[in-house]
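Reader: Please take me through one part of this model in detail. I would like the contact between two neighbouring domains, and then the charged pairs.

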Amino acid sequence: MATEREQTGREETPREERSHFLQLLVIGLIASVIGIALGLLIDWWPAQGSAEASQVDTLYDVLIICSVPMFVLVVTVVLYCAWRYRMKPGEEELDGPPIHGNTRLEIIWTAIPAILLVGLCTYAYIVLTDIEKAPAAEPMNVRVVGQQFTWTFYYKGDGGKEIASPRLYLPANQAVYFTVQSRDVIHDFWVPAFRMKIDAVPGIDTHLRVTTNNKLGEYPVVCAELCGLGHSTMRQSAYVLSKADFDKKFAELQKGGTKPAGGGGGGGGEETDGKTLFTQAAQPACASCHTLKDAGSTGTTGPNLDEAIPKLDDAFIKQSIQDPDAKITSGFSAGIMPHYGDTLSDTQVDALVKYLKEVAGK
Ligand code: CUA
């Protein structure tokens, strides 16, 4: 009889209860310290490329410090209880003692998370308002347009004329005001190094402020919203340049924009090799939408070029790249393919046509 009582859910003495509670506390504390240390040691983010980045990173670290112990507490209690109070042989038919609730416990486990949540939300709100407020300096305006599956960046040039570029060039230590738009579906404009991102929504303008710091370099521009089959290929580059280099680049863009016939001048940069143009991740990013065996691409958003190109003449192909909506292949819709007449020079388009004619269908 005594042994059966021993095995059943007998009440613990207050001393046993206290010792179990202490064991739990020690395990939880050690696990929390390890969890926080790991969370802070891991390099979650790329280099800080903007003035906003350090505030966002601090916020992230504070979130880790607050949420890891909560996670560890819950997991420790669950695992400890599953192990400590597990069923022993002979107890299959038994039920534990009934529980009538504990008001004090319930108040504690409601109040602590509530205080934590309100505190963290307030802190996050303060950080967001602070990094989104307009800087004293007049910002540079850049219009960002997303479409499946590419970004185009527009600057105000001389005489108010817009200049298109497939790459984002920014001067160092510059406040920038982005106006973000989409031509088709929802995308999300994100430069992880800047720590700022915002949705590009068709039909409305969204805005983003970033102030570059003095770190020069190339940073990835990413689409952070699942936007179709080519979503993962919607990656380009942002370049933070010294003021002098930026002015030089801007002059180049301006010249290329007004006179696309000039050798390799256009916003597409200096690349004039057809295959490189076809496969590069930045614009024109042909490979993300078209199938072409020679380039190893399997996109199905646009026509299969191995099948289509051999039937077309050079002039038609050229027009299809520069102004794709002029004539549409049956089974495909207008407005899908970007008009590369805006961002590629004549030389680059010719190089693409030549490459396609050489390899398509082979
Ligand atoms: Cu655009 Cu994902």
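**The interface of domain 2 and domain 3**

Author: Across the interface of domain 2 and domain 3, the rule finds 0 residue pairs in polar contact, counting pairs with both residues at pLDDT 80 or more. That cut-off applies because this is a predicted model. The rule finds 0 salt bridges across this interface as well.

Contact is there all the same. On the domain 2 side 16 residues take part, and they touch 16 residues of domain 3. About 1,100 Å² is buried between the two domains, and carbon and sulfur atoms give 53% of that area. Three strands, β2 (150–156), β3 (162–165) and β10 (235–241), each supply at least two residues of the side of domain 2 that touches domain 3. Strand β2 gives the largest share, with 4 residues. By class, this side of domain 2 divides into 6 nonpolar, 8 polar and 2 charged residues.

For orientation, the domain assignment places domain 2 at 140–255 and domain 3 at 275–359. Their centres, taken over C-alpha atoms, are 23 Å apart.

Now a residue in one of those strands. Gln236 is found in strand β10. Its relative accessible area is 4%, so Gln236 is buried. The side chain of Gln236 makes a polar contact of 3.2 Å with the side chain of Thr150.

Next, the charged pairs. Side chains of opposite charge can pair when their charged atoms come close. The structure holds 9 salt bridges.

One of them joins Lys243 and Asp247, with the closest N and O atoms 3.0 Å apart. Both residues lie in helix α5 (residues 243–258), 4 residues apart, so about one helical turn separates them. Asp247 is partly exposed, at 38% relative accessible area.

Another salt bridge links Lys318 and Asp346, at 3.6 Å from N to O. Lys318 lies in helix α8 (residues 314–322) and Asp346 in helix α9 (residues 346–359), so this pair ties together parts 28 residues apart in sequence. Asp346 is partly exposed, with a relative accessible area of 26%.

Helix α9 also holds Lys354 and Glu358, 4 residues apart, so they too are separated by about one helical turn. Their side chains meet in a salt bridge of 3.7 Å, N to O. Lys354 counts as exposed, at 57% relative accessibility. Glu358 counts as partly exposed, at 46%. Finally, salt bridges that share partners join Lys318, Asp346 and Asp350 into one network.

Conventions:
Residues are numbered from 1 along each chain as its sequence is written. This is a predicted model: local features need pLDDT of at least 70, side-chain atom pairs count only at pLDDT 80 or more; totals for chains, interfaces and linings use all residues. Side-chain values use heavy atoms; hydrogens and water are left out. Domain bounds come from an automatic or database domain assignment. Contact means heavy atoms within 4.5 Å. Buried area is the accessible area (1.4 Å probe) that two parts lose on being put together, summed over both. A salt bridge is a side-chain nitrogen of Lys or Arg within 4 Å of a carboxyl oxygen of Asp or Glu. A polar contact is a pair of N or O atoms within 3.5 Å; within protein, one must be able to donate a hydrogen and the other to accept it, and residues adjacent in sequence count only if both atoms are side-chain atoms. Ala, Val, Leu, Ile, Met, Phe, Trp, Tyr, Cys and Pro count as nonpolar, Asp, Glu, Lys and Arg as charged, and the others, Gly among them, as polar. Buried means under 20% relative accessible area, exposed over 50%, partly exposed in between (1.4 Å probe, protein chains only).
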